[in-house]
Structure formats: structure tokens, C-alpha cells
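Here are my notes on this one, written for someone opening it fresh. Have the picture up as you read, and take the points in order.

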2 protein chains.
Amino acid sequence: MKEGPNIAGIAALIGDPARANMLQALMTGVALTASELAQEAGVTPQTSSFHLSRLAEAGLVSLRKQGRHKYYSLADSDVAALLEAMSGIAMRTGMTRVRTGPKEPALRKARVCYNHLAGEYGVQAYDSLLARDFLVEDGEQLHLTGDGRSFLTELGVVLPEKETKRRPLCKSCLDWSARRSHLAGIAGTSLLSFFLDQGWAKRVEGSRIIEFSRDGDSRFHAIFSL
Amino acid sequence: MKEGPNIAGIAALIGDPARANMLQALMTGVALTASELAQEAGVTPQTSSFHLSRLAEAGLVSLRKQGRHKYYSLADSDVAALLEAMSGIAMRTGMTRVRTGPKEPALRKARVCYNHLAGEYGVQAYDSLLARDFLVEDGEQLHLTGDGRSFLTELGVVLPEKETKRRPLCKSCLDWSARRSHLAGIAGTSLLSFFLDQGWAKRVEGSRIIEFSRDGDSRFHAIFSL
DNA sequence: GTGATAGTTCGATCACGATCGAAACAACAC
DNA sequence: GTGTTGTTTCGATCGTGATCGAACTATCAC
């Protein structure tokens, strides 16, 4: 009966406690999987899936499929701004929640992700390559520039002559801990092999943890500074 | 299980169609009685009373008792900004009301947002003031410069001597249609009053639409050119 | 005082939507 | 291939909350 956009629709979406928890978890700017969001919201995966499909349908969250995972994140800064404004209103009425505990810090630092480097080190390497235009993002695609290829090969990283569609040279991979992109694809694999071959780092038995030696650590940071 | 304010609470409040209708009706800036709001929302007075008490309890609306009437209005500009932001999100998902009539273009052009001017005209005034350094953005804050104050007062806009922290002279408010900022705060209110008092524009009854006369339109564009 | 209008409280109803169990589907590991 | 894990679909349940009828209070007009 009224003019104007349907405020009630999206407000009702955010109004459900489970969905609100999910959105607040995504307010950190990191991408989370459906199961993680289920745990954050305190509901079963089925319920989580149901809610996430609704949120995505309404354009509040965007999703990125990666293997059997689905990484969800806030759609854009407008949604974040809306949630922020709502937090402000909620604050002054005196409604707050409780807090949860952290997890293992060892895995967050450096670990293997399938066959490439993940964790803080992985993210830093990725950012460093991007900052120096050795790596360029092209929408969903990721490309190694000519300078980037020379840089890596001169360093000692072995790269194939040409890349195929089936196994791309570079892929971005969302990080489990940092929730930022890091380098996957053949180049990612080669880079990790390089670190291990040089003795800069070694894998911890029966774990995904990768331990950098003191020497390897300083060499890494010298090369992949920001 | 999470930290942070309980956004689900207020979102759920706005999420009910009846309450959302009431709040949108109050976006016109005028105070409405409980029965009028009941009619706006399309519910019985009992239901309206129930909803209004909840909205008041949450601090979304304020009320002024006058005789046997109770006049409700939006609590403050923060609530208005929240509703405006939500309209913006709802717009882009195509979640418009069933009855999205011919009023919409008029709303985009010029409308009242709580107590100040929004729409294309509001955005243009804002931009024009910014371009001439009459208005300066300082992070989240917004300030009227000395030149800006003289400009407005010489024009005939009435401004208070000093501004308080509680009721800032200038605030920016995000526009749902233009997705740009426009001027809120006391200065925004005074500016709108000026337009109405001068007869440059008038309010359309029972709507948020503001109609500029031909003369008022040319005067406006002469002053707030870019 | 009586009557009329504005608003509220109570109680009961009723529908919508959140939730989970079970099972299917998808991607990986081996 | 088999087994495991992440995600989704279906179906059914169940609780919460919106809604209105009826009765009640408050203010005004006379």
C-alpha cells in the first residue's frame, strides 16, 4: 500500500538471530565456509545452508565456490555499512553479546594448502607479488606478468614454459586462517617446493604445519617484503 | 556465541511489514498519531499500539503526548539514516513494493528525508557546497566553513550561533536513490525550511515527495550549480 | 453527569518460518 | 572402486510472534 522500497524484506533477513550472527561474523571482512558459519551461528549445517541461500538471493552476501567448499563473504561495503549503522543503533539501546575463544596459532602462520603455501606467509607472498606488478588480478583470472616470470625463475623457482587451461599457472586461493587470497596453481606449488628444497622451511610430520628456519624466515621476508 | 551488538533485535523490529510501514511513513518527518500510523500500516489500532510500544522501547521512535493523542516521530536522524541505507540495499535487489507507481521518479528527484532534503536536489546542493569549500568533509565529521556560513545566512537560511555535540550542524546522509551523500543535520533542516518558506518548493500531502515550482527550480539551480 | 473518540491491555487464534533428521549430492582422499 | 567430508534438498515439527475481538482506561465536548 505504500511507496518506496521494501525495507521489511531485508530487515527481516537480518532480523533472524542465526543470519545476524553469520553477517556479523562476516563483518571482519574475511570469507567463511558454510559449515564455519553454521558453527558461528550455532545452528546445524542444513539450517546454515538454508539461510545462506536466502542471504545470497537477496544480494547481501556473495559466494565463491572452491572445490567442495563455498566461501561466503559480504556482498560489498554498502552491506557492511548497513550492518555498521545497525550496530550503532543497537548499541545505544544496550544490547550486546558474549565472546568466543581463538584456535591454533601454529597453523595460522604457515601451512600447506593442498600443495601450496597458505597462512600468513602465503598471504604475504601473494600481496608482495601483487604490489610489484609481478602478479595481476583480472577478474576471476590471475596472471603472472613477464617481469614476474623472470623474477621467480631468477630466484630459482621452476616454472613450465606455457600454461594450459586445465592446469593454470596461477590461481588465487582463499586462506583458511587469514581469509585473504594466496597463490595457488602451478606457480604456487613450485614456490612451496622451492622453499622446501632450499631448506628455508620444512614440513612438520603428520601435520599441515610448515616451519620456517630462522635463516629461511629472514630470507623470505627479505624477498617478499611489502 | 559472538561478540558485538545485537543487530538482530532491531532488524527484527524493522523486519515486520506493519512496523516497516509505520517507520517509512514517519520518514516524512512529520509526527503521526497512533491511529494514523495504524491506517498507514493497514492494521487495527490495537496492533498499532502493540507495535509502537515496541518501537518506542527500542528507541527507534519517540512520542509526544498531547491531550488524548500520542504523536509519534522517528527518534533521531540516526534512525532515519539507517532506514535510508536499508532502502538503498532493498532497491538494488529489486525488492520494491508491489505498488511501485509513478511516484517513484518524483521521489528520486526531490523528497524529504526525516527533516532534510534528499534526492537529486539534495545531492546536488551537497556537492555544490563541497565544490566551493563551503562544506568540508573531515573523516566522518562534516563542517561548515566560515564562508559557507556567510553564504547560507546571506541567502536567508537561519543557522544557530553554535553547534552542540548532540545536535551537529552538519551531517551527511546516504541517499538510497542516488547512492551519494546529501546534507543532514541542523543546516540540512534549515535549508529545506528555507526552500519551503520561500515558496520555491512545497510538500506533496501524504508523501515524501517535494515539488519544486518552475521559478524555485531555476533559482535552486542558479545557486547550487556545479 | 452522558456520550464520543483515542489509546491500551488481555486473551485466544493462527500462520509463517526457523529448525533439525534423514537422505541425497558433490568433491576429494586413498 | 570405497570411504570421508562439505553442502544441499526434502519433510515434518514446533515455537514465536503478529493479529484481531472484546473489554477497559483516558481525554474531551456538551
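How far does a polar side-chain atom of B:Lys70 lie from a phosphate oxygen of DNA strand C? The distance is 3.0 Å, and it is a good way into the notes below.

1. Ground rules. This is a predicted model, where local features need pLDDT of at least 70 and side-chain atom pairs count only at pLDDT 80 or more, while totals for chains, interfaces and linings use all residues. Residues are numbered from 1 along each chain as its sequence is written, chains are lettered from A and ligands numbered from 1 in the order in which they are written, and side-chain values use heavy atoms, with hydrogens and water left out.

2. Around DNA strand C. There are 23 residues surrounding DNA strand C, and the closest are A:Arg19, A:Gln46, A:His51, B:Ser35 and B:Ser49. A residue is near a strand here if one of its heavy atoms lies within 4 Å of it. Sugar and phosphate make up 71% of the atoms of DNA strand C that come within 4 Å of the protein.

3. Polar contacts to strand C. A polar contact is a pair of N or O atoms within 3.5 Å; within protein, one must be able to donate a hydrogen and the other to accept it, and residues adjacent in sequence count only if both atoms are side-chain atoms. Besides B:Lys70, look at B:Ala34, where a backbone N or O atom lies 3.5 Å from a phosphate oxygen of DNA strand C. A:Arg68 goes for a base instead: a polar atom of its side chain is 3.3 Å from a base nitrogen of DNA strand C.

4. Which elements supply that surface. Two or more residues each come from α2 and α4 of chain A, together with α3 (34-41), α4 and β3 (69-74) of chain B. (Helices, H or I with at least four residues, and strands, E with at least two, are DSSP runs numbered from the N terminus.) The largest share of the surface near DNA strand C, 4 residues, belongs to α4(A). By class, that surface has 7 nonpolar, 10 polar and 6 charged residues. In this scheme Ala, Val, Leu, Ile, Met, Phe, Trp, Tyr, Cys and Pro count as nonpolar, Asp, Glu, Lys and Arg as charged, and the others, Gly among them, as polar.

5. Now DNA strand D. Of its 21 surrounding residues, A:Ser35, A:Ser49, B:Arg19, B:Gln46 and B:His51 come nearest. Sugar and phosphate account for 73% of the atoms of DNA strand D within 4 Å of the protein. A:Ser49 has a polar side-chain atom 2.8 Å from a phosphate oxygen of DNA strand D. On the base side, a polar side-chain atom of B:Gln46 lies 2.6 Å from a base nitrogen of this strand, and an N or O atom in the side chain of A:Arg68 is 2.9 Å from a base oxygen of it.

6. The surface near strand D. α4(B) gives the largest share, 4 residues. The class split is 6 nonpolar, 10 polar and 5 charged.

7. Salt bridges. The count over all chains is 9, a salt bridge being a side-chain nitrogen of Lys or Arg within 4 Å of a carboxyl oxygen of Asp or Glu. One to find is B:Arg92 with A:Asp78, whose closest N and O atoms are 3.4 Å apart. B:Arg92 sits in α5 (residues 77-92) of chain B and A:Asp78 in α5 (residues 77-92) of chain A, so the pair joins two chains.

8. A helix pair in chain B. α2(B) and α4(B) pack at about 70°, with axes 10 Å apart. Axes are lines fitted to C-alpha atoms, for helices over the stretch in contact, and angles run from 0 to 180 degrees between N-to-C directions. That makes α2(B) roughly perpendicular to α4(B); angles of 65 to 115 degrees count as such, under 35 as roughly parallel, over 145 as roughly antiparallel and the rest as oblique. Their contact has 6 nonpolar, 2 polar and 2 charged residues, contact meaning heavy atoms within 4.5 Å.

9. An oddity in the backbone. A:Asp133 has phi near 60°, a positive value in a residue other than glycine. A:Asp133 lies in the loop between α7 (120-131) and β6 (135-138) of chain A. B:Asp133 also has a positive phi of about 60°. Most residues other than glycine have a negative phi.
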